[in-house]
Amino acid sequence: MSKLILILAVQILLLTTTFASARDRGDFARTMNPKRLHMKEKLTHLRVYWHDIVSGRNPSAILIHPHVKKYSSTSFGSITMIDNALTSDVSINSTLVGQAQGFYAGASQHEVSFLMAMNFAFKTGKYNGSTITILGRNTIFSEVRTMSVFGGSGIFRFARGYVELRTKWFNQKSGDATVEYNCFVLHY
Ligand SMILES: *[C@@H]1O[C@H](CO)[C@@H](O)[C@H](O)[C@H]1NC(C)=O
Ligand SMILES: *[C@@H]1O[C@H](CO)[C@@H](O)[C@H](O)[C@H]1NC(C)=O
């Protein structure tokens, strides 16, 4: 019995000194074989409707006002922060599935083209708490635009993919718009 305790004690001592000396050498990373995690890549298609509400008393998209007297016709230099509703159907009153949080910025002097950077934060079912991160170029008057999915969290960790955008509704007077997002996401 005492021999067993001695062996255990020696093993613990050896283990702790091995880790301690590894840290002393500055080791902080190791190469792992992804196969050991038994991960299988999946492709998920999500279709959501993105509601850009700039008008009214409770807008979900607000223009950040810098010291610019007037923007060009292409909105070059403008920055709009968004916390836009994502719903399951075209109507803003359909099921809320999450929020699109981030910004879009006028990035072209000669056409209407925005740099978009945002997270889709999902709130329903098994997607609750998971996010995908979208970055790309949005020429809003083109019929179809694509942007990159270049990361995610929760269910969408290790995500990559792309989104396809189609404007479903645009009110020229108020500036409000509803855009369909078809998201194709590879993840584990
Ligand atoms: C959504 O609901 C609000 C309030 O319930 C209503 O005023 C609005 O017209 C509805 N919008 C649509 C597109 O159905
Ligand atoms: C989503 O998760 C949050 C935090 O865990 C929880 O409070 C909320 O009720 C969940 N919503 C749904 C629809 O499951």
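Is Met-81 buried, partly exposed or exposed? At 36% relative accessibility, Met-81 counts as partly exposed; here buried means under 20% relative accessible area, exposed over 50%, and partly exposed in between, with a 1.4 Å probe and protein chains only.

**Before selecting anything**

This is a predicted model, in which local features need pLDDT of at least 70, side-chain atom pairs count only at pLDDT 80 or more, and totals for chains, interfaces and linings use all residues. Residues are numbered from 1 along each chain as its sequence is written, chains are lettered from A and ligands numbered from 1 in the order in which they are written, and side-chain values use heavy atoms, with hydrogens and water left out.

**The whole chain**

Start with a cartoon of the protein chain, which has one helix and nine strands. Helices (H or I, at least four residues) and strands (E, at least two) are DSSP runs numbered from the N terminus. Along the sequence the pattern is α-β-β-β-β-β-β-β-β-β. The chain has 188 residues, of which 35% count as buried. Switch to a surface: about 12600 Å² is exposed, and carbon and sulfur atoms supply 59% of that area. Accessible areas come from the Shrake-Rupley method with a 1.4 Å probe, and for residues only the protein chains shown count as cover. Among contacts (heavy atoms within 4.5 Å) with a separation of 6 or more, 48% are between residues 24 or more positions apart.

**Stop 1: the nonpolar patch**

Select Met-81 again; its place is in strand 3. Add Ile-62, Ile-64 and Ile-79 to the selection: with Met-81 they form a nonpolar patch on the surface, with about 310 Å² of accessible area together. Patches are made of residues with over 30% relative accessible area and no salt bridge; like charges are joined within 9 Å, and nonpolar side chains (Val, Leu, Ile, Met, Phe, Trp, Tyr) within 5 Å. Strand 2 (61-64) and strand 3 (79-87) each supply at least two residues of the patch.

**Stop 2: strands 3 to 6**

From the patch, follow Ile-79 across to strand 4, where its bridge partner is Ala-105. Strand 3 and strand 4 run antiparallel and are joined by nine bridges; two strands pair if DSSP finds at least two bridges between them.

Now select strand 4 by itself. Eight of its 11 residues are buried, so strand 4 is largely enclosed by the rest of the structure. Nine bridges also join strand 4 to strand 5, again in antiparallel fashion. Two places to look are Gln-101, whose bridge partner in strand 5 is Asn-119, and Gly-98, which stands opposite Phe-122 in strand 5.

Strand 5 is mostly covered, with seven of its nine residues buried. Strand 5 pairs with strand 6 in the antiparallel sense over eight bridges. Select Met-118 to find its bridge partner in strand 6, Ile-134. When stepping along any of these strands, keep in mind that in a regular strand the side chains alternate between the two faces of the sheet.

**Stop 3: Thr-74**

Go back to the loop between strand 2 and strand 3 and pick Thr-74. Thr-74 is buried, with a relative accessible area of 6%. Which residues is Thr-74 in contact with, leaving aside its neighbours within four places in sequence? They are Ser-108, Gln-109, His-110, Glu-111 and Val-112. Show the backbone of Ser-108 as well: its oxygen lies 2.8 Å from a polar atom of the side chain of Thr-74.

**Stop 4: the salt bridges**

Side chains of opposite charge can pair when their charged atoms come close. How many salt bridges does a search of the whole structure find? It finds three, a salt bridge being a side-chain nitrogen of Lys or Arg within 4 Å of a carboxyl oxygen of Asp or Glu.

Stay with Glu-111 and add Arg-137: the two form a salt bridge, with the closest N and O atoms 2.8 Å apart. Arg-137 lies in strand 6 (residues 131-138) and Glu-111 in the loop between strand 4 (96-106) and strand 5 (114-122), so the pair ties together parts that are 26 residues apart in sequence. Arg-137 is partly exposed at 49% relative accessible area, and Glu-111 is partly exposed at 38%.

Next select Glu-41 and Arg-160, whose closest N and O atoms are 3.0 Å apart in a salt bridge. Glu-41 is in the loop between helix 1 (2-24) and strand 1 (42-52) and Arg-160 in strand 8 (residues 160-170), so this pair ties together parts that are 119 residues apart in sequence.

Finish at Arg-166, which forms a salt bridge with Glu-164 at 3.1 Å between the closest N and O atoms. Arg-166 is partly exposed, at 27% relative accessibility.

Definitions and conventions:
A polar contact is a pair of N or O atoms within 3.5 Å; within protein, one must be able to donate a hydrogen and the other to accept it, and residues adjacent in sequence count only if both atoms are side-chain atoms.
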